[in-house]
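Please open the model in your viewer and keep the selection panel at hand. The stops below are meant to be taken in order, each with something to select and something to look for.

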Amino acid sequence: MKNFISLMAVLILLAGCNQYQKTPSGVAYSISGNSKTKIKQGQIFKYNIEYRIAPKDSVFNTTFGHVPGFMQFDTSRISPHSFLELITKCGEGDKVNFTLSVDTLKKLGLLEYNQFFRKNDLIKGKMEIIKVYKGEEEANNDYKKEMDDEQKREAKELKEYASKKSLKVQELPTGVLVAVEQSGDTMKASMGKTVRMLYKGYFTDGKVFDSNMGPNAPNKEPLVFQIGSGGIIPGLESGLAQFGKGGKGKILIPAMQAYGTTGQPPVIPAYANLIFDVEVTDVSLQAPPAPAPMPAAPQAQPQRK
């Protein structure tokens, strides 16, 4: 019986291996589904996709549970060693598992080794084709609905966070929530003003991702930037308009007013709501002496190839 079980395990393993095929660039993949019509040139489709790093098996990007990807397929712009090589093999309802090699992506000049992508690592991906559209209007209407749903999810999470922390917040038209502890001087950090600010940025689980505030901050110099110059994320700009010099408080920023659908890997994941403790040390009419060190986050749009 023991030998029989061992033999069956080997046969199952081999059968699983045989299900995987490879693209010309070496992407290993398997597809499950019963679609008879495959995606063609020019068609717009909606899909979910997730990437994990092996062997750590940690997710570094996923659309599952958030806004799916929207893409107009263009066969002339298929990137090598990517999920795009698999699109013509898929149709509505199909599910795909695939594996990318970090070493191959490095050779192609598509990424560099770092603390996140290391030599010999693999990127495990899964994808599902949710819908293939008949036309652009149908796709745009569905995209707007998905964005509305995402904004509602983000607003719910932030309001629950504020309630749990007993924060008295005001909601701005952008969806940003602001808890003002001290409003500061009457001249607020509005459009065109130069701001000096101490801050601590963290996620809703309390994990800090950046700070120049407090004894453990790696850099204690104030952040200097001009409101409206694109030097900081949009949600932080709109929240700071509630503060003048000497102002203190918290700004709760929905993902779509921060780093959106892409995040800023590996530090900030996609769809991450952010919390900032802020202390405004100065507001002036003078232009800042140098570009702001905090990168802006332009909002992601549906991919149109």
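Is aspartate 185 buried, partly exposed or exposed? Select aspartate 185 in this predicted model: its relative accessibility is 43%, so the residue counts as partly exposed. Its place is in the loop that runs between strand 9 (177-182) and strand 10 (194-203). If you leave out residues up to four places away in sequence, aspartate 185 touches Gly244 and Lys245. Add phenylalanine 243 to the selection, and you will find its C-alpha 7.6 Å from that of aspartate 185, although the two residues are 58 apart in sequence.

Now step back to the chain as a whole. The chain has 305 residues, of which 43% are buried, and it contains 4 helices and 15 strands. Of the contacts between residues at least 6 apart in sequence, 71% join residues that are at least 24 apart. With a surface display switched on, you are looking at about 16,500 Å² of accessible surface, 53% of which belongs to carbon and sulfur atoms.

Next, turn to the aromatic rings. A pair of such rings is described by how far apart the centres lie and by the angle between the planes. Counted with a limit of 6.5 Å between centres, there are 12 aromatic pairs. One of them to select is phenylalanine 45 with tyrosine 47, a tilted pair with 5.4 Å from centre to centre and 40° between the planes. Phenylalanine 45 has a relative accessible area of 0% and is therefore buried, while tyrosine 47, at 4%, is buried as well.

From there, go to phenylalanine 60 and phenylalanine 117, whose ring centres are 5.5 Å apart and whose planes meet at 85°, so this pair is edge-to-face. The pair links distant parts of the chain, since phenylalanine 60 belongs to strand 4 (residues 58-62) and phenylalanine 117 to the loop between helix 2 (102-107) and strand 7 (122-132), 57 residues apart. Both phenylalanine 60 and phenylalanine 117 are buried. Extend the selection to Tyr51, Phe98 and Phe116, and you have one aromatic cluster made up of these residues together with Phe60 and Phe117. A further ring to inspect is that of phenylalanine 64, where lysine 126 lies over the face at 4.9 Å from the ring centre.

The following stop is empty space, which can be found by rolling a probe the size of a water molecule over the atoms. Select Phe203, Ile268, Pro269, Ala270 and Ala272, which of the 25 lining residues lie nearest the centre of the second largest pocket. This pocket holds about 480 Å³ of space, and strand 4, helix 3 (136-164) and strand 11 (208-211) each supply at least two residues of its lining.

Stay with helix 3 and pick alanine 155, which lies in it. At 24% relative accessibility, alanine 155 counts as partly exposed. Its C-alpha is 9.4 Å from that of alanine 255, a residue 100 places away in sequence.

Finish in helix 4 (residues 234-240), where serine 238 is found. Which side of the cut-off does serine 238 fall on, buried or partly exposed? With a relative accessible area of 18%, serine 238 is under the 20% limit and therefore buried. Show its neighbours, again without residues up to four places away in sequence, and serine 238 touches Leu172, Thr174 and Val176.

Technical notes
Residues numbered from 1 in each chain as written. Predicted model: local features only at pLDDT ≥ 70, side-chain atom pairs only at ≥ 80, totals over all residues. Heavy atoms only, no water. Buried < 20%, exposed > 50% of the residue type's maximum accessible area, 1.4 Å probe, protein only. Contact = heavy atoms within 4.5 Å. Areas by Shrake-Rupley, 256 points an atom, 1.4 Å probe, with all protein chains shown as cover. Phe/Tyr/Trp six-rings, centres within 6.5 Å; stacked < 30°, edge-to-face > 60°. Lys NZ or Arg CZ within 6 Å of the ring centre and 35° of its normal. 1 Å grid on protein atoms, 1.4 Å probe; cavity = no way out; pocket = protein on both sides within 12 Å on 5 of 7 lines; lining within 4 Å. Points joined across faces, edges and corners; volume = space filled by probe spheres on them.
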